[in-house]
Number of protein chains: 2
Amino acid sequence: MSDEQDGLDLDESGPGRVTVSAAAGRRTPRGTLSRQVLLDSAREIVDIGGVTALSMRALGARLGVDPTAIYRHFQNKNELLDALADLMIRGEGGLPATGDPVADLRESLRQLRRQLLRYPTLAPSVLRQPPGTGSWWDRMEQAVGALRAGGRSEAEAAAVWQTLLFFVVGHALVEARHLAENLATDRVGAPMPTVNPPRSRYPELAAAAPFLHADLDDQFETGLDSILGSR
Amino acid sequence: MSDEQDGLDLDESGPGRVTVSAAAGRRTPRGTLSRQVLLDSAREIVDIGGVTALSMRALGARLGVDPTAIYRHFQNKNELLDALADLMIRGEGGLPATGDPVADLRESLRQLRRQLLRYPTLAPSVLRQPPGTGSWWDRMEQAVGALRAGGRSEAEAAAVWQTLLFFVVGHALVEARHLAENLATDRVGAPMPTVNPPRSRYPELAAAAPFLHADLDDQFETGLDSILGSR
DNA sequence: ACCTGAACACCGTTCAAGT
DNA sequence: ACCTGAACACCGTTCAAGT
């Protein structure tokens with residue numbers, strides 16, 4: 001177990017830094033570099049070492065290409081990160097469409113959560129794409145439709161959608177931290193460490209503490225219930 | 001107006017980088033460095049240039065001290081950022097206590113929101129302090145108490161608290177972006193740019209779009225309503 | 001005890017030069 | 001047209017040395 005503080009990105013930092021380079025030997029021949037190839041490699045790097053392992057230099061090294069060649073395809077690193085966030089927001093395999101709008105909405109949010117848990121260190125980039133961005137349109141159209149069908153006004157539907165979004169991303173961030181800590185301490189699947197405030201000063205909190213870190217799948221569904229009002 | 005992409009931290013980056021140093025001339029005499037002094041200066045730097053302007057070197061320069069002297073008081077930069085986040089979470093001037101638990105809870109969340117809007121680039125650090133951390137205890141005790149008083153079970157109270165937390169932080173992040181964009185384009189106080197999806201493919205979204213960027217104060221209250229169920 | 005200064009191993013990005 | 005390589009202006013952090 002290391003004594004270093006993880007960043008929001010859950011990456012190793014400092015001396016024990018995770019480095020991902022792999023194919024430093026082979027050279028990618030001319031003309032093969034493209035947004036697609038770069039995004040694939042970038043996602044691999046993030047998959048292995050988290051977003052802090054993704055540097056222009058590391059990405060270049062992985063593809064056997066000079067780091068500065070990347071700037072032919074992305075204006076800067078931020079644009080690359082936004083493109084990765086876009087992939088997560090759009091998802092793979094399309095949105096659920098069973099015919100039940102509310103069920104589809106819930107499943108869409110579960111899908112988003114799964115994506116976020118697979119690439120937890122990209123969550124900040126995802127949260128940076130404002131809710132009105134094109135990447136969100138498909139998911140949002142579905143959500144607003146479901147909420148309107150449930151009898152909500154357009155104004156209410158818009159507000160509830162934003163609330164749902166923040167909840168899903170925030171929840172995934174906390175769960176990702178939990179997973180990372182248990183991986184680090186070899187206690188995968190262990191329950192979350194219980195909050196332990198002094199009962200004398202924090203009676204209410206102490207009583208609620210055991211429930212704070214209940215099963216996170218259940219908690220996610222409960223959260224959806226409380227926002228969607230189907231409690 | 002610049003064409004560069006802002007980070008989550010809303011800072012300038014790249015060539016037009018914001019730098020904050022000021023007192024590069026005077027030297028702080030020996031023995032005057034402390035966590036308190038460092039935190040105050042760090043907050044000033046973040047206030048002026050955002051969190052990306054805060055480097056160990058910049059902080060040292062501002063205090064007329066070698067950057068590495070900081071490591072006497074904070075193990076590393078992460079610990080310094082956590083301490084700054086702590087200040088935001090705890091707030092200044094104490095929690096509201098009018099006697100009405102639900103009103104106090106709402107006011108406490110508004111207080112947190114105001115803090116986040118004053119130092120928006122610290123929001124990621126705030127979100128990184130897990131909900132069970134000591135910094136949250138006072139606010140959480142109050143929240144859980146109010147929710148229990150409102151008739152909720154301990155499990156429900158814990159879940160609703162987390163939902164509220166994610167909502168407040170996420171909402172502040174979006175609003176901070178909005179403020180930063182309007183500052184950059186000299187349109188302070190202007191309404192948010194309307195989402196404009198093609199109406200043919202996104203009929204529901206197009207109809208709800210005008211409400212998506214309604215007054216953010218109202219939207220915040222509406223969001224609280226929808227989570228707290230007093231709709 | 002507390003701070004300095006050089007050093008190490010990194011960054012993102014620009015720009016002239018090569019093929 | 002596309003990629004390279006040197007260069008610039010930065011990082012966080014360590015460690016031996018100074019006061």
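Through which surface do the copies meet, judging by the interface residues of chain A and chain B? The legends below take up this question in a predicted model.

**View 1. The copies meet through the same surface.** Of the interface residues of chain A, 98% are also interface residues in chain B, so the two copies use the same surface to meet. Chain A brings 55 residues to the contact, and chain B brings 55 residues too.

**View 2. Chain A and chain B bury about 5,100 Å² between them.** Carbon and sulfur atoms account for 66% of this buried area. Look for W137(A), E141(A) and F166(A). These three supply 13% of the area that chain A buries against chain B. No other three residues supply more.

**View 3. A salt bridge joins R201(A) and D138(B).** The two side chains meet at 3.5 Å, taken from N to O. How many salt bridges are there between chain A and chain B? The count is two. Polar contacts also cross the interface: eight residue pairs, with both partners at pLDDT 80 or more.

**View 4. Helices line the side of chain A that touches chain B.** Six elements of chain A appear here: α3 (77-90), α5 (123-128), α6 (137-149), α7 (154-184), α8 (203-212) and α9 (216-228). Each one supplies at least two residues to this side. Which helix gives the most? That is α7(A), with 14 residues. Sorted by type, the residues of this side of chain A are 26 nonpolar, 16 polar and 13 charged.

**View 5. A rotation of 180° superposes chain A on chain B.** The shift along the rotation axis is 0.0 Å. The RMSD of the superposition is 0.0 Å. This is therefore the relation of a two-fold axis. Which C-alpha of chain A is nearest the axis? It belongs to I227(A) and lies 2.6 Å from the axis.

**View 6. UniProt lists a "domain: HTH tetR-type" at residues 32-92 of chain A.** The listing comes from an unreviewed entry. In the model, this span is 59% helix and 0% strand. Its end C-alpha atoms are 24 Å apart.

**View 7. UniProt places a "DNA-binding region" at residues 55-74 of chain A.** Again, the record is an unreviewed entry. Here the span is 35% helix and 0% strand. The C-alpha atoms at its two ends lie 13 Å apart.

Note on methods: Residues numbered from 1 in each chain as written. Chains lettered and ligands numbered in written order. Predicted model: local features only at pLDDT ≥ 70, side-chain atom pairs only at ≥ 80, totals over all residues. Heavy atoms only, no water. Contact = heavy atoms within 4.5 Å. Buried area = accessible area lost by both parts, 1.4 Å probe. Salt bridge = Lys/Arg side-chain N within 4 Å of Asp/Glu carboxyl O. Polar contact = N/O pair within 3.5 Å; in protein donor to acceptor, adjacent residues only side chain to side chain. Helix = DSSP H or I, 4+ residues; strand = E, 2+ residues; numbered from the N terminus. Nonpolar A, V, L, I, M, F, W, Y, C, P; charged D, E, K, R; others polar. Least-squares fit on C-alpha atoms with pLDDT ≥ 70 in both. UniProt positions renumbered as here; feature names shortened; annotations may be inferred.
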